[in-house]
4 protein chains.
Amino acid sequence: MSGNSIGKVLVITTFGESHGPAVGGVLDGFPSNILIDVSFIQSELNRRKTKSWFYASARNEEDEIEILSGIFENKSTGAPIAFIVRNKNARPADYKQLKDVYRPSHADFTWEMKYGIRDYLGGGRSSARETVARVAGGAIAKLLLNNHRISILSYVSQIGTVKLPDGFTVIDPDTILKSPVLCPDEETSHRMIALLENLKSEGDTTGGIINCIISGVPVGLGEPVFDKLQADLAKAMLSINAVKGFEYGSGFGAAAMKGSEHNDPFVFKDNHITTSTNFSGGIQGGISNGNEIFFRVAFKPPPTLMRDQKTVNSKGQKVILKGKGRHDVCMVPRALPIVEAMAALVLADHLIRNTK
Amino acid sequence: MSGNSIGKVLVITTFGESHGPAVGGVLDGFPSNILIDVSFIQSELNRRKTKSWFYASARNEEDEIEILSGIFENKSTGAPIAFIVRNKNARPADYKQLKDVYRPSHADFTWEMKYGIRDYLGGGRSSARETVARVAGGAIAKLLLNNHRISILSYVSQIGTVKLPDGFTVIDPDTILKSPVLCPDEETSHRMIALLENLKSEGDTTGGIINCIISGVPVGLGEPVFDKLQADLAKAMLSINAVKGFEYGSGFGAAAMKGSEHNDPFVFKDNHITTSTNFSGGIQGGISNGNEIFFRVAFKPPPTLMRDQKTVNSKGQKVILKGKGRHDVCMVPRALPIVEAMAALVLADHLIRNTK
Amino acid sequence: MSGNSIGKVLVITTFGESHGPAVGGVLDGFPSNILIDVSFIQSELNRRKTKSWFYASARNEEDEIEILSGIFENKSTGAPIAFIVRNKNARPADYKQLKDVYRPSHADFTWEMKYGIRDYLGGGRSSARETVARVAGGAIAKLLLNNHRISILSYVSQIGTVKLPDGFTVIDPDTILKSPVLCPDEETSHRMIALLENLKSEGDTTGGIINCIISGVPVGLGEPVFDKLQADLAKAMLSINAVKGFEYGSGFGAAAMKGSEHNDPFVFKDNHITTSTNFSGGIQGGISNGNEIFFRVAFKPPPTLMRDQKTVNSKGQKVILKGKGRHDVCMVPRALPIVEAMAALVLADHLIRNTK
Amino acid sequence: MSGNSIGKVLVITTFGESHGPAVGGVLDGFPSNILIDVSFIQSELNRRKTKSWFYASARNEEDEIEILSGIFENKSTGAPIAFIVRNKNARPADYKQLKDVYRPSHADFTWEMKYGIRDYLGGGRSSARETVARVAGGAIAKLLLNNHRISILSYVSQIGTVKLPDGFTVIDPDTILKSPVLCPDEETSHRMIALLENLKSEGDTTGGIINCIISGVPVGLGEPVFDKLQADLAKAMLSINAVKGFEYGSGFGAAAMKGSEHNDPFVFKDNHITTSTNFSGGIQGGISNGNEIFFRVAFKPPPTLMRDQKTVNSKGQKVILKGKGRHDVCMVPRALPIVEAMAALVLADHLIRNTK
């Protein structure tokens, strides 16, 4: 049983390879009568392609969304919403040399072993290009969340060894957009850029961490016991290429805390029950408690280097993989819309599941 | 749509409340003709109940497994395997005082808001007692994995502020069993115990981290793109009460690494292709690569304290929650079989999915 | 992937073999705060056991329901509702002779080929005893439907060659209960009984047809395009042992009709839009239209005869299967609560799916 | 939760409206390394469009398949296979008059009530045009079945009041193709055509019955207890627009049979165990027994008539629906590839489920 769908009631199924005719998806279970602003979907796709010197792999092509179904007179009809983005810039010849080579820390080896066949053009189905469909589907999910005043904000909190200062809080979302690396602290942002320049000159890459905050979530989203809200968020995040870790609320730091520090006391404020702290990260017992949901996602360095690397081919023979072309030094700034899209899909699914 | 099932082809559905008649589960999709050793299932349940002075909440009752179906002459038949464990020690009267109180960082508030009704006896369905069914189901999954020579080892790597030394490696699994806190390093184990004694005297609690290693996994488990092996492991772990984070392979540390450090070069060794390092944690492109799968799970401190805490009741009135009874200072040692059970269920599900 | 669950949002998973410790089920996705009358569930189970001379196989044991979870102070909590019925009357020794014999038109041969192992005690999992769990789960579904004023009525319309007169309509449900064969027409009922007496004396059996009417269904249940309401009803009915056919509304008769006869004209009546005829059987485009849903289910004759039959054993050797013990001459009267239970589960699932 | 997917391991999700940009589907779970002959898929789509005087609604456009993903160098890769067929002939203006009118026995009323919005262009998502995706997906499934020597044959056995003679058996599949109505008996075929001519002159329509035979099915397909092979076939057939009934093997006729007539004795023949008769229709206990699977599907008359009909609009006002344009007199001959496609999808799903 394959795994190209996610969600239980709002289900997205994605398809497409890096150099095939198109990537796309089908979003089923979306409520009827929701206004669908296609230009918003397009703008989310554009965020994925932010062009900077350190995002060398950004194709020049435009990722143009085409909606195939499910919308009538600009509104959702309750029918499945299918969409595609054509791959315009395919250059199969560039990849012939990789046909039999297993690139280190790529999916080449495992996919070939599993399926006995491999689309080696740009990684085929294992390519990050697959996330185009996630972002488009997530954008539609966001349109539903917006109607419920749920909003998602993400930013880069770490690139390589450079991190935001401890206790840093985002006051003004615009500070994120002002940073070329989408880090809300100007000084940290400068240091991140300096690091990326260094790595680029060395033909090297690095990882990073994305922080995400979801606001306006009503009490009650999440389904015990296995589909806890944090469990579905964790799965969604770990399903993104290159993600190595997920934590929410107090996260790994909780291990070192005392219960007396960590517990969030309930208080009655502004006519409703809430908590005075939020180490719980907005989720208790697997169900949202009305506070902000906060989580962090760790990414590994991109495995494609501008350096020669040792590896083997499918016959087990030693091969030197030449570093050529132009590739991302770090993927986290471009991954923000992907993290948000997956969060939006999870939240929208649970929103619909809860209102049944 | 509720969330009491997990797995796609090997599916476990669990049921039961802390003080209801029984907790149990149904495991469907289990292959036929597998020898089912009920005493092994029982022994896994017993691990969950390890009795030490700092596991005060361990009920004195025995958790006795009863298999209701799916086994014929000691072998699985392909029919669903249902099992129950009776709750023998229910004392509803103890909980009457909590009927209207929302305990801090428990599931009381969110569950009552979501369902409009709450079984307040020992947390009802939100109780950690629910994990009995996970452990029993996981034990059956382990029987299948054993047949494929896949084994799972877990240990405590951190309790509160006390951690295993950097770079520590488990050489001998017996060192884990020798430690009252199931930490493989004797010196660290002593310091953990000292910390727990201190916390106990303060009526406080703390969190911890569990490391888990899965050996013998064949190449090919995991289903792109959403059911990547790490994604399903992450979901399974975050579905456990009190878990706050998950990382695999290089984990959060990957964020600070360079690609040239992090990439795992392919080599040809012992007549097969493998990698010379394992920052990938045994999974590449969402699919197992034949190396050890390594992941870590962070737990928060138990929220029930032996101290008075401020909170509110369902009317929003301030209440002092009395610390009484006897409760766990730290849950990670008792959580090892739960982490292993969830890992076993995920691995067995993917094993069956892959051999189709 | 096994098939012991049915339903998409309200999901029932059943388990248990004919002569194992128990049969039972888990109903997940049931709304919270619904009053659960356990005596009603018990009364539905009792209907399955109607004792008459021609239902010889009815065990003398009582099928006593035990609810294990999901109910708190007589109300559903939103947690899964698990229930079991113990098998009290198991007599394994009776079945030893059948260990290697494939009974004609039973499941012995196919199950053994599929699983490589067979629980031959009373048919094991393939036994009609499995329907105990369907009836119990269906009873709980009926409690939800009752709250929405949806009711289900079924009756026997044909046994062997004896049928209700053409155009017969049930005016008074009590006429069904008055008939030992649950056929609402007294004269037909007499003829059915005469037929059954004859067959019994010959050691033979026969089939029959059940008609089912669901009233009070709101407009809107059913999910295009594959989960049309009639599609899910058809699957549910064909999943019952011995069912050979399903038709709804005009059914097979529609093949011979003209469009001008068959079309149901829309009219405005009693302040709402409805149709003046109901050849559609209450469903149009896969979605309920507010009219009565009407369907029919055909059953084959019970394959266990009180006569000797030729067959082969697992080695392919000819064997004479002795007709002994006491077995049903016809199963349709006892199948009414099963048909109703499956209809209730389908309707309740779609009711919940629609109100999301 | 919507219902635009069918299958458990081999899953097809379809999308698209009658007059939207395209109809299409995603087939996930298809094995890798299967040769995909796109011209075969195209030829199956062409069967759906057979042009005869009594299939007036056949659009002149060609239904051209475009494969978007999952195929690499003519072979399946294990990735989802997405495909679309563009709608070239959309004429929205033709449908403006139907915007507020509920056509009798169409889906207009129920869909508008359910979703609060209706794509009234040619029936939108409820149009039979949706079956294009079924036929394309079914064609791919057939490619897999062919590899396993499983073949599907269907033919028209009844149109209106004209039926094949009792006991008729198809000897030569070519006799089906020779008939303009795809009925294998020449004389019956002539009478069917005469009936259709009559109906056409009256502006009327009629229903019919399709028989389907699946050969070469191995023992073991089908999953107890709810996913019995016949249950999944029944659901698949009833999910087709206009289908009113399904029966397999002895079908509704079984009701009138005696057990001694109906039982299929096991015999040992040609070195394997089989049955000497096949009233079971190739399935016992929900699992294929190696014999031919035989089933029948009843269709209602097309509801669009070339006559005026009384109905109401969305305000409940009486309206005369004008019969105009050109529409099918009977749909069964064109439905053969749809019935076969759904059968192929069910069989392929169970084939994969069984080989796991």
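**View 1. The hairpin of β12(C) and β13(C) in the predicted model, with C:Phe268 standing opposite C:Ile273.** C:Phe268 faces C:Ile273 of β13(C), and the two strands concerned, β12 (residues 266-269) and β13 (residues 272-275) of chain C, pair in the antiparallel sense over four bridges; strands here are DSSP runs of E of at least two residues, numbered from the N terminus, and two of them pair if DSSP finds at least two bridges between them. Two residues lie between the strands of this hairpin, where C:Asp270 takes a positive phi near 50°. This is a predicted model, in which local features need pLDDT of at least 70 and side-chain atom pairs count only at pLDDT 80 or more, whereas totals for chains, interfaces and linings use all residues. Residues are numbered from 1 along each chain as its sequence is written, chains are lettered from A and ligands numbered from 1 in the order in which they are written, and side-chain values use heavy atoms, with hydrogens and water left out.

**View 2. Strand β11 of chain C beside strand β11 of chain D.** The two strands, each spanning residues 243-248, run antiparallel and are joined by three bridges. Within this pairing, C:Glu247 stands opposite D:Gly245 of β11(D).

**View 3. The contact between chain D and chain C.** Each chain brings 107 residues to the contact, where contact means heavy atoms within 4.5 Å. About 8000 Å² is buried between the two chains, 60% of it on carbon and sulfur atoms, buried area being the accessible area (1.4 Å probe) that two parts lose on being put together, summed over both. D:Met1, D:Phe226 and D:Lys244 supply 12% of the area that chain D buries against chain C, more than any other three residues.

**View 4. The salt bridge of C:Glu202 and D:Lys258.** The side chains of these two residues meet at 3.4 Å, N to O, a salt bridge being a side-chain nitrogen of Lys or Arg within 4 Å of a carboxyl oxygen of Asp or Glu. Between chain D and chain C the count is eight salt bridges.

**View 5. The axis relating chain C and chain D.** A turn of 180° with a shift of 0.0 Å along the axis lays chain D on chain C with an RMSD of 0.0 Å, the copies being superposed by least squares on the C-alpha atoms of residues with pLDDT of at least 70 in both. The two copies are therefore related as by a two-fold rotation axis. In chain D, the C-alpha nearest the axis belongs to D:Lys235, 2.4 Å from it.
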